[in-house]
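The exercises below ask the reader to work through one model step by step, with a solution after each task. Please look at the sequence and the structure before starting.

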Amino acid sequence: MAEIRLHNLAHSYTSTPAGPEDYAIREMNHIWEQGGAYALLGPSGCGKSTLLNIISGLLSPSQGQVLFDTRVVNELTPEKRNIAQVFQFPVVYDTMTVFDNLAFPLRNQGLAEAKVHSKVQEIAEVLDLQALLNKKARNLSADEKQKVSMGRGLVRDDVSAILFDEPLTVIDPHLKWKLRRKLKQIHEQFNITMVYVTHDQLEASTFADKIAVMYGGQIVQFGTPRELFERPSHTFVGYFIGSPGMNLIEVRAEDGGVGFAGTHLALPEALQQRIAETDYRSLKVGIRPEFIHVWDEPYEEALQADVVHVEDLGTYKIMTLDLDGAALKVRLAEDKPVPQGRACISFPAQWLMVYADEYLLEAQASNEVQP
Ligand code: ADP
Ligand code: MG
């Protein structure tokens, strides 16, 4: 078991990268602490598999170091790194029985056969594979094969970490939910560092204590599901997490705050200060649909928006508003009256974020220490 540290890591698949666009992983520093349950979340093509393969040793990075605890492991093969990796599609030996497939990583370690038996039984039970132990893997369904594949990843409890690369893609939705819970259970039981790659925010937040959101070859935020929701540190996190995502409006700095078209949004003094001392090309405000306040009665000091559309989703409604030319999504609780024609809204100061070139501006300069 180990803490995994990525130091000045970068990777390009071309041998002569011309610029940042040529990097699948842009220079990054990151720490996965020992024993954590982590998700690596991001859209297809953002570099998740590349990063995982660099950690496991299947891929050698063009720059930087991978450390397990304090040891640099760049030169170590995947076996020497002692990492288990589960892929999107099943990796099983078709001609072997399920039992032998699960036993394989243990026998490879030279474990005594009695111990092999008890471990295989244990993992078969967790994954509901007992009835299939004597079947040849080639006779299994896709779901069953993937469960065996996961079992092979989970069967050893002496690994440094277990990496999952979208392992539930081929699994049917009901079983998906069950397996995710199993994984969480296994994590709690063995306390092994687990990194779970997915492009599904629900999957990420049900499995992980902390989520790394990846975008364009970088980890743009590493935090709890709640932190990602409440304080997205990059507009991509705002947009990608939540349903619908965060409202983002292009603004300009003005006396006392920011504005767009004829609308002025007041900001706290400290934040105005930060905007003034920051160089940026684009300035945006962001606020989540859940955090926009809708007044029940007409209120003069509120912002006035046109109601464009209301979608009833049963336990809540999503209103689409037009605020001075900007489209806004607002989540309205079931019991709230639906404004007719015009809506009076406010952006509570604590939920109104400001982004300079897509990164969150904190009122205080950030004291975060890079690893
Ligand atoms: P993800 O797993 O998030 O979908 P990948 O790590 O597979 O993303 O890919 C990141 C980027 O690197 C993509 O632009 C992809 O096209 C590119 N890429 C991935 N594998 C290779 C490869 N073997 N050779 C060249 N480019 C690759
Ligand atoms: Mg991938």
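Helices (H or I, at least four residues) and strands (E, at least two) are DSSP runs, numbered from the N terminus. The model is a predicted one, in which local features need pLDDT of at least 70 and side-chain atom pairs count only at pLDDT 80 or more, while totals for chains, interfaces and linings use all residues. Residues are numbered from 1 along each chain as its sequence is written, chains are lettered from A and ligands numbered from 1 in the order in which they are written, and side-chain values use heavy atoms, with hydrogens and water left out.

**Exercise 1. Describe the protein chain as a whole.**

Step one is the secondary structure of the protein chain, which comes to 10 helices and 22 strands. Step two is the extent: taken along the principal axes, the C-alpha atoms of the protein chain fill a box of roughly 80 × 50 × 35 Å. Step three is burial, where buried means under 20% relative accessible area, exposed over 50%, and partly exposed in between (1.4 Å probe, protein chains only); of the 371 residues of the protein chain, 49% count as buried.

**Exercise 2. Locate the cis peptide bond and the residues with positive phi.**

As background, most residues other than glycine have a negative phi, and most peptide bonds are trans. A cis peptide bond, with omega about -5 degrees, joins Ser243 and Pro244, and Pro244 is found in the loop between helix H9 (235-240) and strand S11 (247-250).

Turning to phi, Asn8 has a positive value of about 45 degrees although it is not a glycine; Asn8 belongs to strand S1 (residues 4-11) and is partly exposed, because its relative accessible area is 29%. Asn191, also a residue other than glycine, has a positive phi near 60 degrees. Asn191 sits in the loop between H6 and strand S8 (193-198), and it counts as partly exposed because its relative accessibility is 41%.

**Exercise 3. Which residues surround ligand 1, and which polar contacts can be listed?**

Begin with the neighbours, a residue being near a molecule if one of its heavy atoms lies within 4 Å of it. By that test the residues around ligand 1 are Tyr13, Ala24, Pro43, Ser44, Gly45, Cys46, Gly47, Lys48, Ser49 and Thr50.

Next come the polar contacts, which are pairs of N or O atoms within 3.5 Å; within protein, one must be able to donate a hydrogen and the other to accept it, and residues adjacent in sequence count only if both atoms are side-chain atoms. A backbone N or O atom of Gly47 lies 3.1 Å from an oxygen atom of ligand 1. From side chains, an N or O atom of Ser49 is 2.9 Å from an oxygen atom of the ligand, and an N or O atom of Thr50 is 2.5 Å from an oxygen atom of the ligand.

**Exercise 4. Why is helix H1 (residues 48-56) described as largely enclosed by the rest of the structure?**

The argument rests on burial: eight of the nine residues of H1 are buried, so the helix is largely enclosed by the rest of the structure. The buried residues in H1 are Lys48, Thr50, Leu51, Leu52, Asn53, Ile54, Ile55 and Ser56. Just after H1, Gly57 takes a positive phi of about 100 degrees.

**Exercise 5. Characterise the largest cavity.**

On a 1 Å grid over the protein atoms alone, a cavity is a set of points where a 1.4 Å probe fits but cannot get out, and its lining residues have an atom within 4 Å of a point. Grid points are joined across faces, edges and corners, and a volume is the space filled by probe spheres set on the points.

The structure holds one cavity of 30 Å³ or more, and about 40 Å³ of space lies in the largest cavity. Its lining consists of Val126, Leu127, Asp128, Lys147, Leu175, Lys178, Leu179 and Lys182, with the largest share, four residues, coming from helix H6 (residues 173-190).

**Exercise 6. Is Asn134 buried or exposed, and where is it placed?**

Asn134 counts as exposed because its relative accessibility is 71%. Its place is in the loop between helix H4 (113-126) and H5. The C-alpha atoms of Asn134 and Met96, which are 38 residues apart along the chain, are separated by 9.1 Å.

Notes: 1 Å grid on protein atoms, 1.4 Å probe; cavity = no way out; pocket = protein on both sides within 12 Å on 5 of 7 lines; lining within 4 Å.
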